[in-house]
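Grab a pencil and work through these exercises with the structure open beside you. Try each task before you read its solution.

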Amino acid sequence: MADDLKKGLEGVLVAESSLSHIDGDEGTLIYRGYAIEDLAREASYEEVLYLLWYGELPTHDELDSFTERMVAERAVDEDVLATAEALATADAEPMAALRTVVSQLSVTDPDGETDPEDREATLAKSRRLTAKIPTIIAAFDRYRDDDEPVEPREDLSHAANFLYMLNGEEPDEIAEETFDAALVLHADHGLNASTFSAMVTASTLSDVHSAVTSAIGTLKGGLHGGANQNVMEMLKEVDDSDKDPVKWARDALDSGRRVAGFGHRVYEVKDPRAYILGEFSESLAEEAGEMKWYDYSVAIEEFMSEEKGIAPNVDFYSATTYYQMGIPIDLFTPIFALSRVGGWTAHVTEQYEDNRIMRPRARYVGDKNQEFVPIDER
Ligand SMILES: CC(=O)SCCNC(=O)CCNC(=O)[C@H](O)C(C)(C)COP(=O)(O)OP(=O)(O)OC[C@H]1O[C@@H](n2cnc3c(N)ncnc32)[C@H](O)[C@@H]1OP(=O)(O)O
Ligand SMILES: O=C([O-])CC(=O)C(=O)O
């Protein structure tokens, strides 16, 4: 067995997938062959879910019946809402709350424990989870503001319904379109850490809810999905300092800090999603007549590119996009999960179809041949 160490599993191939492909040198991303730019501009999040789960873009009729089934799953039970309320009252961190409530959903899933080889049951669970996660996030946020949750509506898109449940009012067209495109952009991304985590869990033939719970826990970290929250907190820190953004970023690097929203394991160039989210961030800034956050971001991007040759990833401009839409900063990562659950469950479905347990090795560098000393003699 080869003994070369691949720290962070860099470059290690562990599966075949038809879901998404990243060309890290060219800076391109496709879902099942379709360019992310086309999908973000032309397709709804619901169409992208269908594409990921069923392999093809839906026709009108297919999309209608798929949407009908998704919409019917939006509501959550009273006991689920009670947990969300208890977690909000306990001031739980939103990703911890989401992870907990998603785990709880397994208890009331109408399919119960299913056979991983039952593709229909896997997809039904995926649909339910994806439909309910927006309801959970919005309810949690409202409870912590001492507001009652807003019930989901059946006549709104996935994107618009979430913003409606969060704010208690329908979003305008720009907000809906921007948010829908952001969901499309975040839906899948090869074997990123959280997707891999879901696949590891599924590879033991554990269930879909367990896989998604693992993935949420993995997405939460600052080196992965948690970076979008860190980006906005960093921009606020820049604003609160008396430094210009470039000086701030230079000092941050000099003190050994990483700049959130930059760098990527696969992309050698700017993440294609960051171009699109950057455009959203700029137009929202222009619409609001307040360019500050966008301007700080551009200044830091230019500095990081010249100084370190490191480009923005998806989290860099999603931060100011969501912030300018009035979304609370600590919901940025739950919103990433709200979209990525589509990709997680698509990869879990693939994993079940061609499964082998994931089990790498560590090179042992500890002691050997220690002589055991009974506790009383230590
Ligand atoms: C949705 C997502 O998950 S996108 C990523 C979100 N995460 C972030 O934005 C956090 C900041 N970025 C990072 O920490 C990293 O770039 C990661 C985690 C994304 C990728 O990590 P890795 O592929 O392991 O790259 P690694 O950590 O080895 O970095 C390579 C070099 O670039 C530097 N570097 C990478 N990212 C950054 C950054 N954001 N700020 C400053 N320097 C950085 C590292 O210091 C390292 O330099 P060195 O070789 O001189 O030590
Ligand atoms: O692919 C990765 O490692 C991280 C990422 O950009 C994503 O999950 O969207």
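**Exercise 1. A leucine in a loop**

Work out whether Leu-205 counts as buried, partly exposed or exposed, and then look at its backbone.

Solution. Keep in mind that this is a predicted model.
- Step 1: Count the neighbours. Leu-205 has 13 C-beta neighbours inside 10 Å, so it counts as partly exposed. The cut-offs here are 20 or more for buried and 12 or fewer for exposed, with partly exposed in between.
- Step 2: Place it. Leu-205 sits in the loop between helix H9 (193–203) and helix H10 (208–219).
- Step 3: Check phi. Leu-205 isn't a glycine, yet its phi is positive, about 70°. Most residues other than glycine have a negative phi.

**Exercise 2. Another leucine to check**

Find where Leu-9 lies, and say what sign its phi has.

Solution.
- Step 1: Go to the segment before strand S1 (20–23), and you'll find Leu-9 there.
- Step 2: Read off phi. For Leu-9 the value is positive, near 55°, and this residue is not a glycine either.
- Step 3: Count again. Leu-9 has 13 C-beta neighbours inside 10 Å, so the verdict is partly exposed.

**Exercise 3. A residue out in the open**

Decide whether Asp-242 is buried or exposed, and how far it is from Tyr-275 in space.

Solution.
- Step 1: Find Asp-242 in the loop between helix H11 (227–240) and helix H12 (245–254).
- Step 2: Count its C-beta neighbours inside 10 Å. There are 6, so Asp-242 counts as exposed.
- Step 3: Compare sequence with space. Asp-242 and Tyr-275 are 33 residues apart along the chain, and their C-alpha atoms are 29 Å apart.

**Exercise 4. A helix wrapped up**

Why is helix H7 described as largely enclosed by the rest of the structure?

Solution.
- Step 1: Count the buried residues. H7 covers residues 158–167, and nine of its ten residues are buried, so the rest of the structure largely encloses it.
- Step 2: Name some of them. Among the buried residues in H7 are His-158, Asn-161, Phe-162 and Tyr-164.
- Step 3: Look for the cover. It includes helix H2 (45–54), helix H6 (119–144), H8 and H16.
- Step 4: Step off the end. Gly-168 follows H7, with a positive phi near 80°.

**Exercise 5. The whole chain**

Describe the overall build of the chain, starting with its helices and strands.

Solution.
- Step 1: Count elements. You should get 16 helices and three strands.
- Step 2: Test compactness. The radius of gyration is 22 Å, close to the 21 Å that the globule rule gives for 378 residues, so the chain is as compact as a globular protein of that length.
- Step 3: Box it in. Along the principal axes, the C-alpha atoms fill roughly 70 × 55 × 50 Å.
- Step 4: Check burial. Of the 378 residues, 46% count as buried.

**Exercise 6. Two domains and a core**

Find which elements help domain 1 touch domain 2, then which residues have the most contacts inside the largest nonpolar core.

Solution.
- Step 1: Split the chain into domain 1 (28–222 + 334–353) and domain 2 (227–324). Their centres are 26 Å apart, taken over C-alpha atoms.
- Step 2: Look at the contact. Twelve residues of domain 1 meet twelve residues of domain 2. On the domain 1 side, strand S2 (28–31), helix H1 (36–42), helix H8 (173–186) and helix H16 (332–353) each give two or more residues. H8 gives the most, with four.
- Step 3: Sort that side by class. It has seven nonpolar, four polar and one charged residues.
- Step 4: Turn to the core. The largest one has 100 residues, and Val-48, Val-184 and Val-212 have the most contacts inside it. H16 gives the most to this core, with ten residues, and each domain supplies at least three.
- Step 5: Zoom in on Val-212. Leaving out residues up to four places away in sequence, it touches Val-102, Leu-129, Ala-198, Val-341, Trp-344 and Thr-345.

**Exercise 7. Around the ligands**

How many residues surround ligand 1, and which ones surround ligand 2?

Solution.
- Step 1: For ligand 1 the count is 19, and the closest are Ala-227, Arg-258, Phe-262, Gly-263 and Arg-265. That shell has seven nonpolar, eight polar and four charged residues.
- Step 2: Around ligand 2 you'll find His-189, Gly-190, Asn-192, His-264, Arg-265, Val-266, Asn-313 and Val-314.
- Step 3: Sort the ligand 2 shell. Two are nonpolar, five polar and one charged, and each of domain 1 and domain 2 gives at least three residues to the shell.

Technical notes:
Residues are numbered from 1 along each chain as its sequence is written. Chains are lettered from A and ligands numbered from 1 in the order in which they are written. This is a predicted model: local features need pLDDT of at least 70, side-chain atom pairs count only at pLDDT 80 or more; totals for chains, interfaces and linings use all residues. A residue is near a molecule or strand if its C-beta atom, placed from the backbone, lies within 6 Å of it. Ala, Val, Leu, Ile, Met, Phe, Trp, Tyr, Cys and Pro count as nonpolar, Asp, Glu, Lys and Arg as charged, and the others, Gly among them, as polar. Domain bounds come from an automatic or database domain assignment. The radius of gyration is taken over C-alpha atoms; the globule rule is 2.2 Å times the number of residues to the power 0.38. Two residues are in contact if their C-beta atoms, placed from the backbone, lie within 7 Å. A nonpolar core is a set of buried Ala, Val, Leu, Ile, Met, Phe, Trp, Tyr and Cys residues joined through C-beta atoms within 7 Å.
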